[in-house]
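Please read the report below alongside the sequence and the 3D structure, which are shown first.

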Amino acid sequence: MSTAPHMMSMLRRAAPRLTKNFFTCQHACRSPHVSKQSRSLFGSSGPRLSSDGLLSNPQVAPTIANFKKPLQSNVNKAKFFPETSDKSVAYWLLGSAASVFGIVVFGGLTRLTESGLSITEWKPVTGSLPPRNAEDWAAEFSKYRSSPEFKLLNPNMTLDEFKSIYYMEWGHRLWGRAVGLSFLIPAVYFIARRKISAPMAAKIVGIAGLIGFQGFLGWWMVKSGLKDDLFAPGSHPRVSQYRLTAHLGTAFLCYTAMLWNGLSILREHKLLADPQAAVKLFERLKSPELRVFRRSVGALAVLVFCTAMSGGLVAGLDAGLIYNEFPYMGLGLTPPKSELFSDFYSHTPDRSDIWWRNALENPSLVQLDHRILATTTFTSVMGLWAYTRFSPTLRTLLPAACRKGMHGVVGFVGLQVALGITTLLYL
């Protein structure tokens, strides 16, 4: 029993010694609305509790410090990403967009030179290096000689001729690897260095995944031209027009996402530099009188994308190799109806698929569809430009940057039409 008093004395010494000041509210004591009687509850002459005094208490300070640690940790986690992405991120995104634009153009040249099927394997790592000696070149040429393209189109091709198309496809694939690495490595760096906001980080991760998916689609497309069962026996060996269009469409999405987000970061910095001008700009853009213009821009973007995808179908079917004239197609503006909707492309006994299969697989109708979409796109762009040019309301409300952008779109669509017609006539 003698140990009980000893234990109680130890507990008393171990417990924090809290005086009556611990229960005194310093803010309340200093308030003029608090009565003197309430102040003297524990004695007004006693010292008041302060945060410095509490933290200086060796018995209470550890408890408060442990309580503050998780709160401070949560604050640090919440502030890991900055509110605004750095300008360097914008320049990197715009550079990546330029690289994607370049690889799309180079991919078109690869298609025109019929070099895409020269490499019959997909080796993302070891395929980065070309053949280094005569033995390696002989092995690669042997693989190509077993492909349908060599047997049906190039049975007399020499090794030197093979090297020219091989380097074309190898350069295209190497550029694709460079696009992926030049995006992934800086993305990790910018996120680790906290130069990217949280929403922008999520978008960048999505773009990185889209780039990887694009590489897979590229091989999936090439694979369709290496098997006889994927195209009609005896026909021209080519990749699937559906897979080529998917490959092209993904590249367009990558380019658009990079360009859009890069410009959005620069625009955000410009607006933050002058908040008053930014508020006035937002008030102008929210005007109901600009609703028609905003909707027209969105519809035009969809139309441009559909026109580009129809161009992918033209490239996949080599539809540009027929009717090399403009604006006529044979004896008239359109081929005969029997040619446009041929039963040859139907795969069902009741011919229920004759409409959509001809629209996607008949070279004559695919080229006509592309012409119609391209003409509609050009006319729509010029109409929207005239609307912004001659409408008094838009001339007053539309910002100068939007008017300049509209002039740029007119220039690009004119260049695109010129390129399309000259390619049809001379290539």
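The sections that follow treat the overall make-up of the chain, its nonpolar cores, two of its helices, its salt bridges and a surface patch.

## Overall make-up

The model is a predicted one, and its protein chain is built with 18 helices and zero strands. Of the 427 residues in the protein chain, 32% are buried, while the chain as a whole exposes about 26,500 Å², with carbon and sulfur atoms supplying 66% of that area.

When contacts in the protein chain are restricted to residues at least 6 apart in sequence, 73% of them join residues at least 24 apart.

## Nonpolar cores

The largest nonpolar core holds 19 residues, and those that touch the most other members are Val89, Trp92, Phe183 and Ile204. At least two residues of this core come from each of α6, α9 (159–192), α10 (198–224) and α11 (241–273), and α6 gives the largest share, six residues. Trp92 can be followed in further detail: with its neighbours within four places in sequence left aside, Trp92 is in contact with Ser182, Phe183, Pro186, Ala187, Phe190 and Ile204.

Apart from this core lies another one, of 12 residues, whose members include Leu394, Leu397, Leu398 and Val413.

## Helices α13 and α16

Helix α13 (residues 291–317) has 27 residues, which at 1.5 Å a residue should span 39 Å, and the 40 Å between its end C-alpha atoms agrees with that expectation. Its buried residues include Phe293, Leu300, Leu303, Met309 and Leu313, and among them are also Thr307, Ser310, Gly312 and Gly316. The buried residues of α13 pack against α6, α11, α15 (354–361), α16 (363–390) and α17 (392–397). After α13 comes Asp318, which has a positive phi, near 55°.

Helix α16, with 28 residues, reaches 40 Å from its first C-alpha to its last, close to the 40 Å expected at 1.5 Å a residue. Among its buried residues are Leu365, Val366, Leu368, Val381 and Leu384, together with Gln367, Arg371 and Thr377. The cover over the buried residues of α16 includes α13, α14 (337–340), α15, α17 and α18 (400–426). One pair of residues gives a distance for this part of the model: Val409, which lies in helix α18, has its C-alpha atom 7.5 Å from that of Val381, although the two residues are 28 residues apart along the chain. Val409 is partly exposed, with a relative accessible area of 36%, whereas Val381 is one of the buried residues of α16.

## Salt bridges

How many salt bridges does a search of the whole structure find? The search finds nine, and side chains of opposite charge can pair in this way when their charged atoms come close. Glu121, Lys123, Glu140 and Lys143 are linked in a network of salt bridges. Within that network, Lys123 pairs with Glu121, the closest N and O atoms being 3.3 Å apart, and Glu140 pairs with Lys143, for which the closest N and O atoms are 3.7 Å apart. Glu140 and Lys143 are three residues apart in helix α7 (residues 134–145), so they are separated by about one helical turn. An α-helix has 3.6 residues a turn, so residues three or four places apart point the same way.

The members of the network can also be described by their accessibility. Lys123 counts as partly exposed at 38% relative accessibility, and Glu121 is likewise partly exposed, with a relative accessible area of 29%. Lys143, at 25% relative accessibility, counts as partly exposed, but Glu140, with a relative accessible area of 15%, falls under the 20% limit and is therefore buried. A further salt bridge joins the side chains of Asp353 and Arg357 at 2.7 Å, N to O, and both Asp353 and Arg357 are buried.

## A nonpolar surface patch

On the surface, Phe101, Val105, Leu109 and Leu112 form a nonpolar patch with about 390 Å² of accessible area together. Val105 is found in helix α6 (residues 87–112), the helix that also supplies the largest share of the largest nonpolar core. With a relative accessible area of 44%, Val105 is partly exposed.

Note on methods
Residues are numbered from 1 along each chain as its sequence is written. This is a predicted model: local features need pLDDT of at least 70, side-chain atom pairs count only at pLDDT 80 or more; totals for chains, interfaces and linings use all residues. Side-chain values use heavy atoms; hydrogens and water are left out. A salt bridge is a side-chain nitrogen of Lys or Arg within 4 Å of a carboxyl oxygen of Asp or Glu. Buried means under 20% relative accessible area, exposed over 50%, partly exposed in between (1.4 Å probe, protein chains only). Helices (H or I, at least four residues) and strands (E, at least two) are DSSP runs, numbered from the N terminus. Patches are made of residues with over 30% relative accessible area and no salt bridge: like charges are joined within 9 Å, nonpolar side chains (Val, Leu, Ile, Met, Phe, Trp, Tyr) within 5 Å. Accessible areas come from the Shrake-Rupley method with a 1.4 Å probe; for residues, only the protein chains shown count as cover. A nonpolar core is a set of buried Ala, Val, Leu, Ile, Met, Phe, Trp, Tyr and Cys residues joined through side-chain atoms within 4.5 Å. Contact means heavy atoms within 4.5 Å. The expected span of a helix is 1.5 Å times one less than its number of residues.
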